[in-house]
Amino acid sequence: MAASAAAVMEELRGSFREGRTRPAEWRTAQLRALVRMIEEKEDDISDALHADLAKPRMEAYLHEISLAKGACMFALKGLKNWMKPDKVPSAITTFPSTAQIVPEPLGVVLVISAWNYPFLLSIEPVIGAIAAGNAVVLKPSEIAPATSSLFAKLLPEYVDSSCIKVVEGGVTETGALLEQKWDKIFYTGNGNVARVVLAAAAKHLTPVALELGGKCPVIVDSNVDLHVAAKRIAVGKWGCNNGQACIAPDYIITTKAFVTELVDSLKRVLERFYGEDPLQSADLSRIVNISHFGRLTKLIDDKEVAAKIQLGGQTDQEQLKIAPTVLVDVPLDTALMTGEIFGPLLPIITVDKIEESIAHINAGAKPLAAYLFTKDKKLQQDFVSNVSAGGMLVNDVALHLTNPHLPFGGVGDSGTGSYHGKFSFDCFTHRKAVLIRGFGGEANARYPPYTAEKQRILRGLIKGSFFALILALLGFPREKR
């Protein structure tokens, strides 16, 4: 397996060194090919997502297919400008000169994807890598085998396989890939595997982008349009892969005085969305596999947790489905409250005053996303100013990732690095500093032997003195010949 990974790397390294990936024409051709693939194979993509997760076709289109195509189109529109050098001012100490920042591809990069949005989370970083002019290996998640197989079949049919490759497999194959020296590794997944990736990258001093997750909080103030808030929370939690999303709400914080109204509103909304028996709803994704199903059911089998269920809690192992489940004031030391849930369970924490919620969030690890529902502008400002998170959204859930002008990424335990839109291009680009001078403008003061007069001129130049610049350009102090 190690030999196979090394052979892949050798081929891609050769293609990159030949300069195949650098021209704008090559990058544009690959991006257009991806657009064509998405358009022509939309049904195949939807079928694969349904096979892996029972993902509803509308959800597959809205949350994966359309966003992937949009990322390609955005890159195609901006690529010409993204590739241009940025001219920057020159300093007086280098006069006369020109200065610019030149974007250049990193080289050969590895993208290790996740299973929960197996199409979008695979293709979007690949789009960024291609736009930036890199050769790339995509390692799809083996936990979503239908989508992984689809990538292995489709990508060679549409893009340049001498520069863009798919490697399928599990832990063994991923380990073999991580033994290679990449120019960047982009990983989406959980913190435990991220530590393995980071340790492997450190051996080669390889830079990494880690797109992780965490316990994403939702603060719900009483000063809201409750019905709208409940709908948006519900679709952001259970309408996003039945809670199996890194930016899905992990828990809610609201006041003791308001919690009953909030739970009642969620009950009404969930029944409207998914019917009286949500396990039979075609609009809810299933849990990805029996292992994750067992992990989630174990969380609510805990007696301390089960006693706090306000609605839901039904499970169907044969279908791998768990109903939307809302709980109130679960003990904070239970497994449900200490780890990322990544499923259809939504606990609510109550506080006396809504302002206390910010301190609660800040007492934990920094989340990938944080949400607030309120009409109170002061609370909104306090939330934005004082909560550290990868991203945040006020009065809605998850939609910030659809804006290509915003970076998407974590901070602290929720990840490092960001992508989406031009940020995907930047993620796989080195910004090279370039200073260009001619042979004129010699300043004798910069050369030994150093005298008091030279020191005065040099100090003046460093301080930005125009008079010192004139003296330097006129050749003072005069050299003895």
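**Exercise 1. Classify Y274 by accessibility, then describe its pairing with F273.**

Step 1. Y274 has a relative accessibility of 8% and counts as buried, because buried means under 20% relative accessible area. The values here come from a predicted model.

Step 2. F273 is at 27% relative accessibility and counts as partly exposed.

Step 3. The ring centres of F273 and Y274 lie 5.9 Å apart with the planes at 90°, so this pair is edge-to-face. The cut-off applied is that planes over 60 degrees apart count as edge-to-face.

**Exercise 2. Determine how the rings of F74 and W82 are arranged, and place the pair among the aromatic contacts of the structure.**

Step 1. The whole structure holds 8 aromatic pairs.

Step 2. For F74 and W82, the centres are separated by 6.0 Å and the planes meet at 45°, so the pair is tilted. This follows because stacked planes are under 30 degrees apart and edge-to-face planes over 60, with the rest tilted.

Step 3. W82 is buried at 10% relative accessibility, whereas F74, at 23%, is partly exposed.

Step 4. Ring pairs also join F186, F408, Y419 and F428 in a cluster.

**Exercise 3. Find which parts of the chain the salt bridge between K432 and E104 ties together.**

Step 1. The search of the whole structure gives 16 salt bridges. One of them joins the side chains of K432 and E104, with an N to O distance of 2.8 Å.

Step 2. K432 belongs to strand β20 (residues 429-437) and E104 to strand β2 (residues 97-105), so the bridge ties together parts 328 residues apart in sequence.

Step 3. E104 counts as buried at 19% relative accessibility, while K432 counts as partly exposed at 31%.

**Exercise 4. Work out where the partners of the D352 and K256 salt bridge lie, and whether each is buried, partly exposed or exposed.**

Step 1. In the salt bridge between D352 and K256, the closest N and O atoms are 3.9 Å apart, and the cut-off for a salt bridge is within 4 Å.

Step 2. D352 sits in the loop between β14 (345-351) and α14 (356-362), and K256 in the loop between β9 (251-255) and α10 (259-274), so the contact ties together parts that are 96 residues apart in sequence.

Step 3. D352 has a relative accessible area of 58% and is exposed. K256 has 46% and is partly exposed.

**Exercise 5. Describe the spacing of the salt-bridge partners K422 and D426 within their helix.**

Step 1. K422 and D426 form a salt bridge whose closest N and O atoms are 2.9 Å apart.

Step 2. Both residues are in helix α16 (residues 422-427), where they are 4 residues apart, a separation of about one helical turn.

Step 3. K422 is partly exposed, at 29% relative accessible area. D426 is partly exposed, also at 29%.

**Exercise 6. Describe how helices α4 and α5 pack, and name residues at their contact.**

Step 1. Packing of two helices is described by the angle between their axes and the distance between the axes.

Step 2. Helix α4 (residues 57-83) packs against helix α5 (residues 120-131) at about 10°, with the axes 9 Å apart.

Step 3. The two helices, α4 and α5, are therefore roughly parallel to each other, because angles under 35 degrees count as roughly parallel.

Step 4. On the α4 side, the residues in contact include H63, E64, L67 and A68. On the α5 side, they include L120, I123, E124 and I127.

Definitions and conventions
Residues are numbered from 1 along each chain as its sequence is written. This is a predicted model: local features need pLDDT of at least 70, side-chain atom pairs count only at pLDDT 80 or more; totals for chains, interfaces and linings use all residues. Side-chain values use heavy atoms; hydrogens and water are left out. Buried means under 20% relative accessible area, exposed over 50%, partly exposed in between (1.4 Å probe, protein chains only). Rings of Phe, Tyr and Trp (its six-membered ring) pair if their centres lie within 6.5 Å; planes under 30 degrees apart count as stacked, over 60 as edge-to-face and the rest as tilted. Axes are lines fitted to C-alpha atoms, for helices over the stretch in contact, and angles run from 0 to 180 degrees between N-to-C directions. Angles under 35 degrees count as roughly parallel, over 145 as roughly antiparallel, 65 to 115 as roughly perpendicular and the rest as oblique. Contact means heavy atoms within 4.5 Å.
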